[in-house]
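Here are some notes to read alongside the model. Take the points in order, and keep the viewer open as you go.

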Amino acid sequence: MNKRKKDTRYISQVALMAAIVILLASTPIGMIQLPIIKATTVHIPVIIGAILLGPAAGAILGAVFGICSVISNTTSPTLLSFDFSPFLSTTGALGMLKALWIAIGCRVLIGVVAGWLWIALKKIKIKNSGLNDMITLPIVGFVGSMTNTILVMGSIYLLFSQQYAEAKNVALSAVFGLVTVTVAASGIPEAIAATILVTAIGKALLAVEHKRQVVKKPKAVT
């Protein structure tokens, strides 16, 4: 019975986090307006979910993020939407698989990397205790966000350089520079936003979870 309750709670928590991902992906709330560019926040619940519920849950949430990305780029395409939607492929079945990797595969790895990094950092011992959450949370937030940016932009460069150059109307040799600029101009601000939000939200949710565990813990018989 306890296992069934635990499984039900886990499923409901993953479903709640997935709903938040979908909400952010389908509304302007998912974008933070910065002075020059907009930074996405859709990956933040993926990272937080991976911290609270583990790498498997993070992978599921990353897949939800990726599916939302496919839908968005298919229904409201932009110049580079072929990188994220298999339905807009200009290079046949292979292009479809490449787009699915970028849109979904890279986003799954956000949750996997964030979840396992959280577990690894919490195992580091300092004076017989784990790393403080105020140290661990920002690290996981930053790395999780950069995982998204580097994997997505790196995959675009490796898999779609020719199509990217044609869409941007630039020489093939200029693609690496454009990708690097995007990583610096968009990825770094997004990572900073993720670091701040994951730390603030994660700290609050971990405190709630800790209190719940304390309440559930049976009192010692005296």
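1. Let us begin with a definition: a residue is called buried when its relative accessible area is under 20%, exposed when it is over 50%, and partly exposed in between. Please also keep in mind that this is a predicted model. Now try the definition on Thr74, a residue of helix H3. Thr74 has a relative accessibility of 27%, so it counts as partly exposed.

2. Stay with Thr74 for a moment and look at what surrounds it. If you set aside the neighbours within four places in sequence, Thr74 is in contact with Ser85, Phe87 and Leu88. Ser85 deserves a second look: it is 11 residues away from Thr74 along the chain, yet the C-alpha atoms of the two are separated by 5.8 Å.

3. Next comes Asn73, which also sits in helix H3, the stretch of residues 55–75. Is Asn73 buried or exposed? Its relative accessibility is 13%, and buried means under 20%, so Asn73 counts as buried. A polar atom of the Asn73 side chain lies 2.8 Å from the backbone oxygen of Ser69. Beyond the neighbours within four places in sequence, Asn73 touches Thr78, Ser81, Phe84, Ser85 and Leu88. You met Ser85 and Leu88 in the previous point, as contacts of Thr74.

4. Now step back to the whole protein. It has 6 helices and 4 strands. Read from the N terminus, the order of these elements is α-β-β-α-α-α-β-β-α-α. The protein has 222 residues, and 40% of them count as buried. Among contacts with a separation of 6 or more, 65% join residues that are 24 or more positions apart.

5. Helix packing is a good place to practise. Two packed helices are described by the angle between their axes and by the distance between the axes. Start with H2 and H3, whose axes are 7 Å apart and meet at an angle of about 165°. Angles over 145 degrees count as roughly antiparallel, which is why H2 is described as roughly antiparallel to H3. The crossing of H2 past H3 is right-handed. H2 brings His43, Pro45, Val46, Gly49, Ala50 and Leu53 to this contact, while H3 brings Pro55, Ala57, Gly58, Leu61, Gly62 and Phe65. Sorted by type, the contact residues are 8 nonpolar and 4 polar, with no charged ones.

6. Helix H2 (residues 43–53) also packs against helix H5 (residues 133–168), at an angle of about 130° and with the axes 10 Å apart. That angle makes H2 oblique to H5. The crossing of H2 and H5 is right-handed. On the H2 side the contact is made by His43, Ile47 and Ile51, and on the H5 side by Leu137, Val140, Gly141, Gly144 and Ser145. These residues divide into 4 nonpolar and 4 polar, and none is charged. Notice that His43 appears here and also in the contact with H3.

7. Finish in a loop. Where is Asn169 found? Asn169 is in the loop between H5 and helix H6, which covers 175–216. Asn169 is not a glycine, but its phi is positive, at about 60°. With a relative accessible area of 71%, Asn169 is exposed, because exposed means over 50%.

How values were computed:
Residues are numbered from 1 along each chain as its sequence is written. This is a predicted model: local features need pLDDT of at least 70, side-chain atom pairs count only at pLDDT 80 or more; totals for chains, interfaces and linings use all residues. Side-chain values use heavy atoms; hydrogens and water are left out. Helices (H or I, at least four residues) and strands (E, at least two) are DSSP runs, numbered from the N terminus. Buried means under 20% relative accessible area, exposed over 50%, partly exposed in between (1.4 Å probe, protein chains only). A polar contact is a pair of N or O atoms within 3.5 Å; within protein, one must be able to donate a hydrogen and the other to accept it, and residues adjacent in sequence count only if both atoms are side-chain atoms. Contact means heavy atoms within 4.5 Å. Axes are lines fitted to C-alpha atoms, for helices over the stretch in contact, and angles run from 0 to 180 degrees between N-to-C directions. Angles under 35 degrees count as roughly parallel, over 145 as roughly antiparallel, 65 to 115 as roughly perpendicular and the rest as oblique. A crossing is left-handed if the near helix is turned anticlockwise from the far one by less than a right angle, and right-handed if clockwise. Ala, Val, Leu, Ile, Met, Phe, Trp, Tyr, Cys and Pro count as nonpolar, Asp, Glu, Lys and Arg as charged, and the others, Gly among them, as polar.
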